Structures are given as structure tokens and as C-alpha cells.
Amino acid sequence: MTGDQPGAPQTRRGLIGALIDRFGHLVREMSKFATVGGFAFLVDFALFNYLASVRHMPPVAAKTISTVIAATLAFLGNRFWTWRHRQRSHPAREYTLFFFFNGVGLGIAVACLAISRYGLGAIWPEVFQTPLADNIASFIVGTGLGTLFRFWSYRRFVFVEAGTPAVPATSRDRESGA
């Protein structure tokens, strides 16, 4: 840590320290978001496979139901843990926007599943109309793309009242012109 004068902001030395000073809060948010998302993913995965394989529900309907239930759990985890440090706006506003953007994320996952099963499956059904292909299209491709979209949209539009710390200056020389 540097800081020559008492009361001066403490910064870390070197490139890694500067990156931690600048992006540490974002890494912490992403870690919490990933934890909440991981739990919701497990619920989504288990429920989808139960509905599609055991209850013999059509895959797109099973995916829609499992995602809505997992999204409810994700909202609670993100609101009360991931972004609890941000000021709350009207709960109905947050809930509505959260589910709107989750709907877009669901659309991304369902589109990946539908393209795989019905588009590519029409060409090569023995490969793309299987439970393995459904899981890869839905949970690896669809959830991956949907997760990137959701993190960006939640952070930007849903939990907007920033309570994150200001980015500290990394070098006093830059301010003093030396």
C-alpha cells in the first residue's frame, strides 16, 4: 500500500493492485451473481429434466416453467444479497424489470433450444433431438448467453441506485502533474 500523507487514500502498487482498486467491487458483484445464478441454474436444470424426462412434458414448455421458478429464486437472491448495497427503488418496479429482462434471457435460452431441436433437428434428428442435445442447447449455450445479458441488464436497469464505492485515484503523480 502507498500513500505518503496521513489520511491519503491507500492504493495498491502495480498493475494488479490498480486493477483490484478499480474493479474489485465489480468482481465481488459478479461472484455473488454467479453464486445466486448457480443455485438458480441447479433448480432450473433439475426441474427441466424432471418435467421433460419424468413427466414427459414438451421440452420448450418444461424449459419455460423451470426458468420462471428459478428466476423467482434468483430475484430474491440478487435483491437481498448480490445488490443489497444498492438503494432500493419501488419493489414493483424492480420485480417487473427483473422479470422482463429474465423473459428476454428465457427467450435467448428457448431460442437456442428451439434452433437446436427443431431447426438442426430437422436436418439431423438422431443428434439434435436427444436429451443431451436439449441440455447442451438450453443450459450451456442458452444459459451462457442469457446470463451475460442478464448481468448487464440487472446492473444497468433493475438495481440502478449505485451504492458502490467511487473509484480511487491510483496515482497521486497524475493529480499533481509530476
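**Stop 1: the core**

Start by selecting F33, A74, W83, F98, Y154, V158 and F159: within the largest nonpolar core, which has 13 residues, these have the most contacts. Helix 1, helix 2, helix 3 and helix 5 each give two or more residues to this core. Keep in mind as you look around that this is a predicted model.

Now zoom in on W83. Leaving aside residues up to four places away in sequence, W83 touches E29, F33, N78, F151, Y154, R155 and F159. Keep E29 and R155 in mind, for they come back at the next stop.

Before you move on, select F48, L51, A52 and A62. They are among the five residues of another core, which lies apart from the one you have just seen.

**Stop 2: the salt bridges**

How many salt bridges does a search of the whole structure find? There are four, and this tour visits some of them.

Begin with R155 and E29. They form a salt bridge in which the closest N and O atoms are 2.6 Å apart. R155 sits in helix 5 (residues 131–158) and E29 in helix 1 (residues 14–54), so this pair ties together parts that are 126 residues apart in sequence. Is each partner buried or exposed? E29 is buried, with a relative accessible area of 2%. R155 counts as partly exposed because its relative accessibility is 24%, and partly exposed is the class between buried, under 20%, and exposed, over 50%.

Next, select E94 and R79. Their side chains meet in a salt bridge, 2.5 Å from N to O. This pair links distant parts of the chain, with E94 in helix 3 (residues 91–123) and R79 in helix 2, 15 residues apart. Both E94 and R79 are buried.

Then go to D134 and R117, whose side chains also meet in a salt bridge, this time with 2.8 Å from N to O. Here the link runs between D134 in helix 5 and R117 in helix 3, 17 residues apart. D134 is buried, and R117 is buried too.

**Stop 3: P59**

Stay with D134 and R117 on screen and add P59. Which residues does P59 touch, not counting those up to four places away in sequence? The contacts of P59 are F48, L113, R117 and D134, so two of them, R117 and D134, are the salt-bridge partners you just met. F48 may look familiar as well, since it belongs to the five-residue core from the first stop.

P59 lies in helix 2 (residues 59–82). With a relative accessible area of 15%, P59 is buried, because buried means under 20%. For one more view, add N49: P59 and N49 are 10 residues apart in sequence, and their C-alpha atoms are 8.7 Å apart in space.

**Stop 4: the largest pocket**

Finish by selecting G37, A40, T143, T147 and R150. Among the 23 residues that line the largest pocket, these lie nearest its centre. The volume of this pocket is about 320 Å³.

Colour by helix to see where the lining comes from. Helix 1, helix 2, helix 3 and helix 5 are the elements that give two or more residues to the lining of the largest pocket. Helix 1 provides the largest share, eight residues.

What kinds of residues make up the lining of the largest pocket? They divide into 12 nonpolar, eight polar and three charged.

Notes:
Residues numbered from 1 in each chain as written. Predicted model: local features only at pLDDT ≥ 70, side-chain atom pairs only at ≥ 80, totals over all residues. Heavy atoms only, no water. Helix = DSSP H or I, 4+ residues; strand = E, 2+ residues; numbered from the N terminus. Buried < 20%, exposed > 50% of the residue type's maximum accessible area, 1.4 Å probe, protein only. Contact = heavy atoms within 4.5 Å. 1 Å grid on protein atoms, 1.4 Å probe; cavity = no way out; pocket = protein on both sides within 12 Å on 5 of 7 lines; lining within 4 Å. Points joined across faces, edges and corners; volume = space filled by probe spheres on them. Nonpolar A, V, L, I, M, F, W, Y, C, P; charged D, E, K, R; others polar. Core = buried A, V, L, I, M, F, W, Y, C linked by side-chain atoms within 4.5 Å.
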